[in-house]
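Dear colleague,

I am passing on the model we spoke about, which you will find just below. My notes on the strands and the helix follow it, and I would be glad if you read them against the coordinates.

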Amino acid sequence: MASQRHPLQINVGFFQNLPIGSYRDIHFDFPALHLPPDLDITDFSGLVHISRTPQGLLFEGNFKATSSMECVRCLEPFDLALETLFEEVYSYKSPTFTDSGLYVPEDGNIDLCPIVREYLLLENPIKPLCKPDCMGLCVICGENLNLVKCEHQARIKIE
Ligand SMILES: [Zn+2]
Ligand SMILES: [Zn+2]
């Protein structure tokens with residue numbers, strides 16, 4: 001069901017004729033994934049549990065991914081593990097029916113890319129650090145103080 005162009009697109013058309021309470025689990029697993037326009041992740045895996053409710057479809061997602069970040073202190077790239085849990089209702093009525101404005105389209109195709117991207121971005125720290133006690137760069141010579149001890153550090157402490 002997954003294509004490269006829309007890797008997280010699923011068709012939920014078959015739910016229309018199923019009784020309330022019916023559900024399906026859909027698993028996803030990608031070594032690398034691009035979530036347009038700006039999020040590239042690796043080791044993406046997860047599950048969306050979709051259940052039929054009186055209003056529409058309840059999506060309960062649980063996704064894990066690895067995101068490549070740059071430390072704000074030492075500027076080194078590092079991998080950050082992200083995990084997100086979310087719940088959204090896609091309504092069978094008009095787009096104004098739910099607060100979120102999510103609804104099941106005529107053709108039953110729902111692309112989870114935008115919503116997964118949104119939730120994973122919420123997990124991204126505003127100031128990513130490679131480790132909580134990252135020493136950063138020396139303001140004078142620019143050395144990475146996690147790796148080396150430069151001559152300027154003693155002076156900075158005295159001042
Ligand atoms: Zn760092
Ligand atoms: Zn220095």
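In this predicted model, four strands make up an open sheet whose order is 2-3-4-5, and the pairing is antiparallel. Strand 2 and strand 5 occupy the edges, where each has a single partner strand, so one side of each remains without a neighbour in the sheet. From one strand to the next, the twist averages 15°.

Helix 1 packs on this sheet and touches strand 2, strand 3, strand 4 and strand 5, while its direction makes about 130° with that of strand 5.

Going through the pairings in turn, strand 3, which covers residues 39-52, and strand 4, which covers residues 56-70, run antiparallel to each other and are paired over 10 bridges. Within this pair, L47 has N62 of strand 4 standing opposite, and the connection from strand 3 to strand 4 is a hairpin that passes through three residues.

Strand 4 is also paired in the antiparallel sense with strand 5 (residues 77-91), here over 15 bridges. Two positions may help you to set the register by eye: G56 stands opposite S91 in strand 5, and F59 has E88 of strand 5 as its bridge partner. These two strands likewise form a hairpin, with six residues between them, and in the turn L75 has a positive phi of about 65°.

Turning to the helix, which residues of helix 1 are buried? Helix 1 spans residues 113-123, and I115, V116 and L120 are the buried ones to look at there. Because these residues cover an arc of only 125° around the axis, they lie on the same side of helix 1. As background, an α-helix has 3.6 residues a turn, so residues three or four places apart point the same way. On the other side of helix 1, by contrast, P114 and L122 are exposed. The buried residues of the helix pack against strand 2 (23-35) as well as strand 3, strand 4 and strand 5, in keeping with the way that helix 1 as a whole packs on the sheet.

With best wishes

Conventions:
Residues are numbered from 1 along each chain as its sequence is written. Chains are lettered from A and ligands numbered from 1 in the order in which they are written. This is a predicted model: local features need pLDDT of at least 70, side-chain atom pairs count only at pLDDT 80 or more; totals for chains, interfaces and linings use all residues. Two strands pair if DSSP finds at least two bridges between them. A residue is buried if 20 or more other C-beta atoms lie within 10 Å of its own, exposed if 12 or fewer, and partly exposed in between; C-beta atoms are placed from the backbone. The arc is that of the directions from the helix axis to the C-beta atoms. Two residues are in contact if their C-beta atoms, placed from the backbone, lie within 7 Å. Axes are lines fitted to C-alpha atoms, for helices over the stretch in contact, and angles run from 0 to 180 degrees between N-to-C directions.
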